[in-house]
Amino acid sequence: MSATLIVGLDGTESGNRALAYAKKLANLIGGCELLVVYVIEWSPYTFQTAEENSQRHKRREEEISMAMERVIDPAVTSLKADGINARGIVRHGDVAELIDAVAVEEKAEQIIVARSSEGGFVKRVFGTATANLVMHASVPVTVVG
Amino acid sequence: MNKIFKILMPVFALMSTTTTAFAQEGGGLDAAINTGFAAATGWFVNFIFAPFPGTSFPWIVMWLVIAASVFSLYFIFVQFRLFGHAISLVKGDYSDPNDAGEVSHFQALATALSGTVGLGNIAGVAVAVGIGGPGATFWMILAGLLGMASKFTECTLGVKYRNEYEDGTVSGGPMYYISKGFTERGLPGGKFLAILFSVFCILGALGGGNMFQANQAHAQIAGIVGDYPGWITGIIFAGVVFAVIVGGIKSIANVTEKVVPFMGVLYVGAALVILIMNADQIGWAFGQIFEGAFTGLGVAGGFVGALIQGFKRAAFSNEAGVGSAAIAHSAVRTKEPVTEGVVSLLEPFIDTVVICTMTALVIIITGQLTVNPETGNYIVEGGKIVTATGVSGVALTSAAFESAFSWFPYVLALAVILFAFSTMLSWSYYGLKAWTYMFGESKGAELTFKVIFCIFIIIGAAASLGPVIDFSDAAIFAMAVVNITGLYFLMPIVKRELNSYMARLKSGEIKKFSDQAGKSAAE
């Protein structure tokens, strides 16, 4: 049975470092699958105008295809080019919660994420997505600096 | 986008010149418009607000209350049976995690509420208890509770018969369910009623949903900073609304949509603090409400006077049966139209049963209504209860809150302005949907309506066009005449949907996703 490793990407340079590390790890382990996950931050409890609501489905589709095109597809293509078994998914919701949920769903061995890119007020009040993931994850997490 | 701004700048410049001319002519042109408009539309206003012979009870209010009672009975008091389920749906217990990113039930409810919570909850209630006494509150709560069934009916249909376009956008509302539903049931006249509804909806959007709001917002600002020409407020409001609905500057709408619920919570919170501070009088206040409901406690018209005011306020405030909420709720991407109807029944509850009642209780408990110590009845002059500070309407609510928090009138003024702005944004959408129903979904048609909408903001804030506002209110209630007629014919469809949904809920076919997640984790 092959092991599954989850790589959480956020479309930034630090995310690429996490991907590079995951690639290295996958080569060392051998025969494992990398699942690249991109989470679009979203909450069902925000306030929107009626017009935004009516266009929400269209926007959601656009957000997913943009994330696939800009983040997931390039990552998966580069992994496959290096002979690594890889696939990618995009989800909407809370970053930490969803990466952990995907890891549980896929029975993954490990989650690899980059050090958080958030800062300032939000970081002080709510903590970062990476910190929240590390605190609540159900599987081991590697944070790449 | 720059091109659009270039085209529209001269329109706004022209508008400001015209409104300045209005002001400079000392109301001469205003008066001429008022008289001409009143003559042309007076019959319509008089017809909609006509009282039953020998009473002062407007038939339109009875129309809304009877409809709410019929729907309550027909759906066996769905508003009480499924109240807990409605909260469960809003919490997201039944939301499929794979649909994350779509409009949630909570978001649809919040959007619809921001269109109804507003001046009616603050000023309208003060008018109701100022004329009908505390007893009006009882009838207002009753009408609010019944109205929940009307909302359920119209919002279920709104989702069931909406249009979903290839690009993923949706359009829904009474015009869609009346025309499609009538065709499905083989009934004639659906298209005619749908167009009639759209016409009234556009007029209501430009009037009650726009001019009235702009006018009242200006009155609030002028009350704080001193009197100044209304067109200045109008231009600013129109500019901001234009930036949001035409310019697509979402950040302004986002800020409003976040601040408005905060203001709502602050308002209810302040009312609760006042009630806690006067906890020993809550029992007495409810005593006044119940006693006044059946005796009137000396108010003009006795208990009938209290009943009229209470029913009227609830109907005017929560818009149940008007059809506007069906347009707002139809954006939710649910497989079960009934779920959206169930969620929407919380709307009259929050708007009327909670917020309006809070306002009424604060006015009663802070002793704003003067009582004759000898008879125990209220002192009435000119058909209105004499108030402690001699004021009525929004000023009465303001005085009641001020007696506990001296700074509250400023918060209230800000709340009124923001509520007005958010109501305008909501109604710009309702009007737009009616407009595109008649003229087609094209960028050109949309832009035309949006520009007209912005122009009416300036007119609404600049001039005190009483007859125009009367007409606009009448148009909103005319929407209810058409919408409820449609609902009577289509309610068997809602019943079928509800029965099927309830059967599947009972059999366990429809389950909470949180339970399913728990089970699969255990396995």
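1. A good place to start is helix α12 of chain B, residues 250-277. With 28 residues at 1.5 Å a residue, α12 should span 40 Å, and its end C-alpha atoms are 41 Å apart, which agrees. The expected span here is 1.5 Å times one less than the number of residues in the helix. Helices (H or I, at least four residues) and strands (E, at least two) are DSSP runs, numbered from the N terminus.

2. Before going further, please keep in mind that this is a predicted model, in which local features need pLDDT of at least 70, side-chain atom pairs count only at pLDDT 80 or more, and totals for chains, interfaces and linings use all residues. Residues are numbered from 1 along each chain as its sequence is written, chains are lettered from A and ligands numbered from 1 in the order in which they are written, and side-chain values use heavy atoms, with hydrogens and water left out.

3. Which residues of α12(B) are buried? Among them are B:A253, B:T256, B:E257, B:V260, B:M263, B:G264, B:Y267 and B:V268, and further along B:A270, B:A271, B:I274 and B:L275. Buried means under 20% relative accessible area, exposed over 50%, and partly exposed in between (1.4 Å probe, protein chains only). When you look at the spacing of such a list, it helps to recall that an α-helix has 3.6 residues a turn, so residues three or four places apart point the same way.

4. Two other helices of chain B deserve a look. Helix α8 (residues 135-160) has 26 residues and reaches 39 Å from its first C-alpha to its last, close to the expected 38 Å. It is mostly covered, with 23 of its 26 residues buried. Helix α20 (residues 443-462) has 20 residues and an end-to-end reach of 29 Å, close to the 28 Å expected. The buried residues of α20(B) include B:F449, B:F453, B:I457 and B:I458, along with B:E446 and B:K450.

5. Stepping back to chain B as a whole, you will find 22 helices and 4 strands. Its radius of gyration is 23 Å, close to the 24 Å that the globule rule gives for 523 residues, so chain B is as compact as a globular protein of that length. (That radius is taken over C-alpha atoms, and the rule is 2.2 Å times the number of residues to the power 0.38.) The C-alpha atoms fill a box of roughly 70 × 60 × 50 Å along the principal axes. Of the 523 residues, 57% count as buried.

6. Chain B exposes about 20,000 Å², and carbon and sulfur atoms supply 67% of that area. Accessible areas come from the Shrake-Rupley method with a 1.4 Å probe; for residues, only the protein chains shown count as cover. Among chain B contacts (heavy atoms within 4.5 Å) between residues at least 6 apart in sequence, 82% join residues at least 24 apart.

7. Now to chain A, which has 5 helices and 5 strands. Along the sequence they follow the pattern β-α-β-α-β-α-β-α-α-β. The radius of gyration of chain A is 16 Å, close to the 15 Å from the globule rule for 145 residues, so chain A is as compact as a globular protein of that length. Its C-alpha trace spans about 50 × 30 × 25 Å along the principal axes, and 45% of the 145 residues count as buried.

8. In chain A, strands β2 (residues 33-41) and β3 (residues 85-93) pair in the parallel sense over 9 bridges; pairing requires that DSSP finds at least two bridges between the strands. A:L35 stands opposite A:R87 in β3(A). Together with helix α2 (residues 50-81), β2(A) and β3(A) make a right-handed β-α-β unit. Right-handed means that, with the strands pointing away from the viewer, the path from the first strand over the helix to the second runs clockwise.

9. What does A:I99, in helix α3 of chain A, touch? Leaving aside neighbours within four places in sequence, A:I99 is in contact with A:I6, A:G8, A:V37, A:V39, A:I111, A:V113 and A:L133. At 5% relative accessibility, A:I99 counts as buried.

10. Finally, two backbone details. Most residues other than glycine have a negative phi. A:K107, in the loop between α3 and β4 of chain A, has a positive phi of about 50° and is exposed at 69% relative accessibility. B:E319, in the loop between α14 and α15 of chain B, has a positive phi of about 55°, but B:E319 is buried, with a relative accessible area of 10%.
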